[in-house]
Amino acid sequence: MKAERLIAALICLTVSIPTLSAQKKVREENWFGNRYFKWDRLTDAEVHYRKALEANSKDPTTLYNLSNLLYRTDRGEENGKLTETLYPMIKDLPDDKAADVAHNAGNSALRRKDYEHAVEFFKESLRRRPTDDETRYNLALAQKLLEKQKQDEQQQNQDQNKNQKQNRDKQQDKNQQQQQSPKDQDQNKKPDKPQDKPQQNQEKDRMSRQAAEQILKSFLQDEKQTQKKVEQAQQQKGGGGNKREKNW
C-alpha cells in the first residue's frame, strides 16, 4: 500500500515538474518582454512574448501582452485573430486587464469594419470598467457605423431587386414580341405618317373631278352632234320647215 502511494506521488511530481517549469518560463519571458516593451524595443519584446507562448499557448497574460504589442505596431489583422483567441479568456483576468483586452478587441474590429463585434467588445469593456470615457466614445462610434452599414446594405438590396425586376420586365417584353404572330406584328407596325394620308386623298379627289369633267364634256359634245344630226334630218324631210326646239 505504501509502495502504491509512493508511485502515485512520484507520478504527480513527474507531471508537476514540467508544469512548474513551463509556468516559470512564462513568467520570465513576460518579465523580459515587458521591460523591452517599456523601453520601446518592440521587436525584442515580441520575441520574449512568443517564447512565453511556446511554453503555454493559452496563457492569458502573455496573450494580453502580445495583443498590446500588435496593436501598438498597427498589425490589426493579426491582432484581431489574437484577440478572438484571448477574448473568451477575459473571465480569468482582473477587471482592469479584461477591460483593456475587450477595448483592444473592439478597436481591432473597428479597423476590420466588423462593427457588430466591435459593439459587443466595447460593451464588455464598459461592463468591466464603466468609467472609461474613451471606450464609451468608441462604443457610440461603432453603433453609428453599424447602423449606417445596415442602411447601406438595405439600400443595396433594394437597388439590386429593382434592377432584377427591370431586367425581368425587359425579358418578358422581348419574349412576348418573339411569340407574336405575323398578323399581330403587322398590326404593331407604325402607321403611315398623318400628313401622307390627306395628300393621298387629295390626289384621289383631284383625279376623280378631272375624270367626271372629261365624261361630262364628252357627253355634251355627243349631245350637240346628235342635235345637229336631228335638225339636218328634219330639214331634209320637211323642206326647210319650222325648227322644233328640244326641251331640256
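What share of the 248 residues in the protein is buried? Buried residues make up 24% of them. Keep in mind that this is a predicted model.

## The overall picture

There's no sheet to look for here: the protein has nine helices and zero strands. Written out along the sequence, the pattern is simply α-α-α-α-α-α-α-α-α.

As for the surface, the accessible area of the protein comes to about 19,300 Å², and carbon and sulfur atoms account for 50% of that. Taking the contacts between residues at least 6 apart in sequence, 47% join residues at least 24 apart.

## Helices 1 to 3

Start with tyrosine 36, which sits in helix 1 (residues 2-38). Leaving aside residues up to four places away in sequence, tyrosine 36 touches Arg41, Leu42, Asp44, Ala45 and His48. Tyrosine 36 and glutamate 46 are ten residues apart along the chain, and their C-alpha atoms are separated by 8.7 Å.

Helix 2 and helix 3 pack at an angle of about 150°, with 10 Å between their axes. Angles over 145 degrees count as roughly antiparallel, so that is how helix 2 and helix 3 run relative to each other. Their crossing is left-handed. On the helix 2 side the contact is made by Leu42, Ala45, Glu46, Tyr49, Arg50, Ala52 and Leu53; helix 3 brings Thr62, Leu63, Asn65, Leu66, Leu69, Leu70 and Arg72. Sorted by class, that contact has nine nonpolar, two polar and three charged residues. Two names turn up again here: Leu42 and Ala45 belong to this contact, and tyrosine 36 touches both Leu42 and Ala45.

Further along helix 2 (residues 42-55) you'll find glutamate 54. Is glutamate 54 buried or exposed? Its relative accessibility is 70%, and the cut-off for exposed is over 50%, so glutamate 54 counts as exposed. Glutamate 54 lies 29 residues from lysine 25 in sequence, with 9.3 Å between the two C-alpha atoms.

## Helix 4 and its neighbours

Which residues of helix 4 (residues 76-86) are buried? They are Gly76, Asn79, Gly80, Leu82, Thr83 and Leu86. What do these buried residues of helix 4 pack against? Helix 3 (60-72) and helix 5 (95-111) are the partners.

## Helices 5, 6 and 7

Now for helix 7 (residues 133-179), which packs with helix 6 (residues 115-128) at an angle of about 155°, the axes being 9 Å apart. Helix 6 and helix 7 are therefore roughly antiparallel, and they cross in a left-handed sense. From helix 6 the contact takes in Tyr115, Glu116, Ala118, Val119, Phe122, Lys123, Ser125 and Leu126. Helix 7 answers with Thr135, Arg136, Asn138, Leu139, Ala142, Gln143, Leu145, Leu146 and Gln149. The class tally for helix 6 with helix 7 is nine nonpolar, five polar and three charged residues.

Helix 5 meets helix 7 too: the axes come within 11 Å and cross at roughly 30°. That makes helix 5 and helix 7 roughly parallel to each other, and this crossing is left-handed. His103, Asn107 and Leu110 of helix 5 make the contact with Glu134, Thr135, Asn138, Ala142 and Leu145 of helix 7. By class, these residues divide into three nonpolar, four polar and one charged.

## Two buried side chains to look at

Histidine 103 is in helix 5. With a relative accessible area of 9%, histidine 103 is buried, the cut-off being under 20%. Not counting residues up to four places away in sequence, histidine 103 touches Phe122, Ser125, Glu134, Thr135 and Asn138. Phe122 and Ser125 are part of the helix 6 side of the contact with helix 7, while Glu134, Thr135 and Asn138 are among the helix 7 residues in the contact with helix 5.

Glutamate 124 is found in helix 6. Where glutamate 54 is exposed, glutamate 124 is buried, with a relative accessible area of 14%. Setting aside residues up to four places away in sequence, glutamate 124 touches Tyr87, Ile90 and Ala102.

Conventions:
Residues are numbered from 1 along each chain as its sequence is written. This is a predicted model: local features need pLDDT of at least 70, side-chain atom pairs count only at pLDDT 80 or more; totals for chains, interfaces and linings use all residues. Side-chain values use heavy atoms; hydrogens and water are left out. Axes are lines fitted to C-alpha atoms, for helices over the stretch in contact, and angles run from 0 to 180 degrees between N-to-C directions. Helices (H or I, at least four residues) and strands (E, at least two) are DSSP runs, numbered from the N terminus. Angles under 35 degrees count as roughly parallel, over 145 as roughly antiparallel, 65 to 115 as roughly perpendicular and the rest as oblique. A crossing is left-handed if the near helix is turned anticlockwise from the far one by less than a right angle, and right-handed if clockwise. Contact means heavy atoms within 4.5 Å. Ala, Val, Leu, Ile, Met, Phe, Trp, Tyr, Cys and Pro count as nonpolar, Asp, Glu, Lys and Arg as charged, and the others, Gly among them, as polar. Buried means under 20% relative accessible area, exposed over 50%, partly exposed in between (1.4 Å probe, protein chains only). Accessible areas come from the Shrake-Rupley method with a 1.4 Å probe; for residues, only the protein chains shown count as cover.
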